[in-house]
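This report describes selected side-chain environments in the structure shown below. It proceeds from one buried site to a helix, an aromatic pair and the cysteines.

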Amino acid sequence: MPPIFRNVRRIGPVRVASYLVRGRVRHLAACTAPNCDFTAEYDNRAPAELAARTHRCSPR
(Lines give C-alpha, C1' and ligand atoms only; values in the text may rest on other atoms or scores of the structure.)
Protein backbone atom coordinates (compact mmCIF):
# COMPACT_ATOMS: atom_id res chain seq x y z
CA MET A 1 0.00 0.00 0.00
CA PRO A 2 1.43 3.40 -0.95
CA PRO A 3 1.90 5.93 1.85
CA ILE A 4 -0.81 8.48 2.54
CA PHE A 5 0.75 11.91 2.77
CA ARG A 6 -0.64 14.38 5.27
CA ASN A 7 0.24 17.84 6.47
CA VAL A 8 1.61 18.75 3.03
CA ARG A 9 3.21 22.18 2.80
CA ARG A 10 4.88 23.89 -0.13
CA ILE A 11 8.06 25.95 0.39
CA GLY A 12 9.15 27.32 -2.98
CA PRO A 13 9.37 24.41 -5.42
CA VAL A 14 9.78 21.90 -2.57
CA ARG A 15 6.91 20.06 -0.93
CA VAL A 16 7.24 18.84 2.65
CA ALA A 17 4.89 16.09 3.84
CA SER A 18 4.44 13.65 6.71
CA TYR A 19 3.49 9.99 6.33
CA LEU A 20 3.28 6.84 8.42
CA VAL A 21 5.58 3.87 7.72
CA ARG A 22 5.92 0.81 9.96
CA GLY A 23 4.19 2.62 12.80
CA ARG A 24 6.54 5.61 12.71
CA VAL A 25 5.91 9.09 11.34
CA ARG A 26 8.42 10.09 8.67
CA HIS A 27 8.87 13.44 6.95
CA LEU A 28 9.73 13.93 3.31
CA ALA A 29 11.04 16.91 1.34
CA ALA A 30 10.79 16.60 -2.45
CA CYS A 31 11.43 19.17 -5.17
CA THR A 32 8.73 19.44 -7.83
CA ALA A 33 10.78 21.41 -10.38
CA PRO A 34 11.39 19.76 -13.75
CA ASN A 35 14.66 17.81 -13.99
CA CYS A 36 15.40 18.16 -10.27
CA ASP A 37 15.75 14.85 -8.42
CA PHE A 38 16.00 16.22 -4.87
CA THR A 39 14.26 14.10 -2.21
CA ALA A 40 15.15 13.58 1.44
CA GLU A 41 13.55 11.72 4.37
CA TYR A 42 13.84 12.76 8.00
CA ASP A 43 12.62 11.61 11.42
CA ASN A 44 11.54 15.14 12.41
CA ARG A 45 9.61 17.84 10.58
CA ALA A 46 12.08 20.67 11.35
CA PRO A 47 15.01 19.23 9.32
CA ALA A 48 12.68 18.52 6.39
CA GLU A 49 11.48 22.12 6.36
CA LEU A 50 15.05 23.40 6.70
CA ALA A 51 16.09 21.28 3.71
CA ALA A 52 13.18 22.74 1.74
CA ARG A 53 14.14 26.32 2.62
CA THR A 54 17.82 25.88 1.73
CA HIS A 55 17.38 23.72 -1.40
CA ARG A 56 18.66 25.16 -4.65
CA CYS A 57 17.83 23.36 -7.89
CA SER A 58 20.68 22.34 -10.14
CA PRO A 59 19.01 21.40 -13.45
CA ARG A 60 20.94 19.18 -15.82
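## The surroundings of His 27

In this predicted model, His 27 forms part of strand β3, which spans residues 24-31. The residue is buried, its relative accessible area being 9%. Its side chain makes a polar contact of 2.9 Å with the side chain of Ser 18.

When neighbours within four places in sequence are set aside, the residues in contact with His 27 are Ala 17, Ser 18, Ala 40, Glu 41, Tyr 42, Asp 43, Asn 44, Arg 45 and Ala 48. Of these contacts, Arg 45 and Ala 48 are also among the buried residues of helix α1.

## The two sides of helix α1

Helix α1 comprises residues 45-54, and its buried residues are Arg 45, Ala 48, Glu 49, Ala 51 and Ala 52. These residues lie on the same side of α1, because they cover an arc of only 155° around the axis. As a general matter, an α-helix has 3.6 residues a turn, so residues three or four places apart point the same way.

The other side of α1 carries the exposed residues Ala 46 and Thr 54. The cover over the buried residues of α1 includes strands β1 (6-11), β2 (14-21), β3 and β4 (39-42).

## The aromatic pair

The structure contains one aromatic pair. It is formed by Phe 5 and Tyr 19, whose ring centres are 5.4 Å apart; the planes stand at 70°, so the arrangement is edge-to-face. Phe 5 belongs to the segment before β1 and Tyr 19 to strand β2, so the pair ties together parts that are 14 residues apart in sequence.

The two partners are described by separate accessibility classes. Phe 5 is partly exposed, at 41% relative accessibility, whereas Tyr 19 is buried, at 8%.

## Cysteines without a disulfide

How many disulfides does a search of the whole structure find? The search finds zero. For Cys 31, the closest cysteine sulfur is that of Cys 57, at 3.4 Å; this is too far for a bond, because a disulfide requires the two sulfur atoms to be within 2.5 Å. Cys 36 is likewise in no disulfide, and its nearest cysteine sulfur, in Cys 31, is 3.6 Å away.

Both Cys 31 and Cys 36 are buried. The relative accessible area of Cys 31 is 10%, and Cys 36 has a relative accessibility of 13%.

Methods. Residues numbered from 1 in each chain as written. Predicted model: local features only at pLDDT ≥ 70, side-chain atom pairs only at ≥ 80, totals over all residues. Heavy atoms only, no water. Buried < 20%, exposed > 50% of the residue type's maximum accessible area, 1.4 Å probe, protein only. Helix = DSSP H or I, 4+ residues; strand = E, 2+ residues; numbered from the N terminus. Polar contact = N/O pair within 3.5 Å; in protein donor to acceptor, adjacent residues only side chain to side chain. Contact = heavy atoms within 4.5 Å. Arc of directions from axis to C-beta. Phe/Tyr/Trp six-rings, centres within 6.5 Å; stacked < 30°, edge-to-face > 60°.
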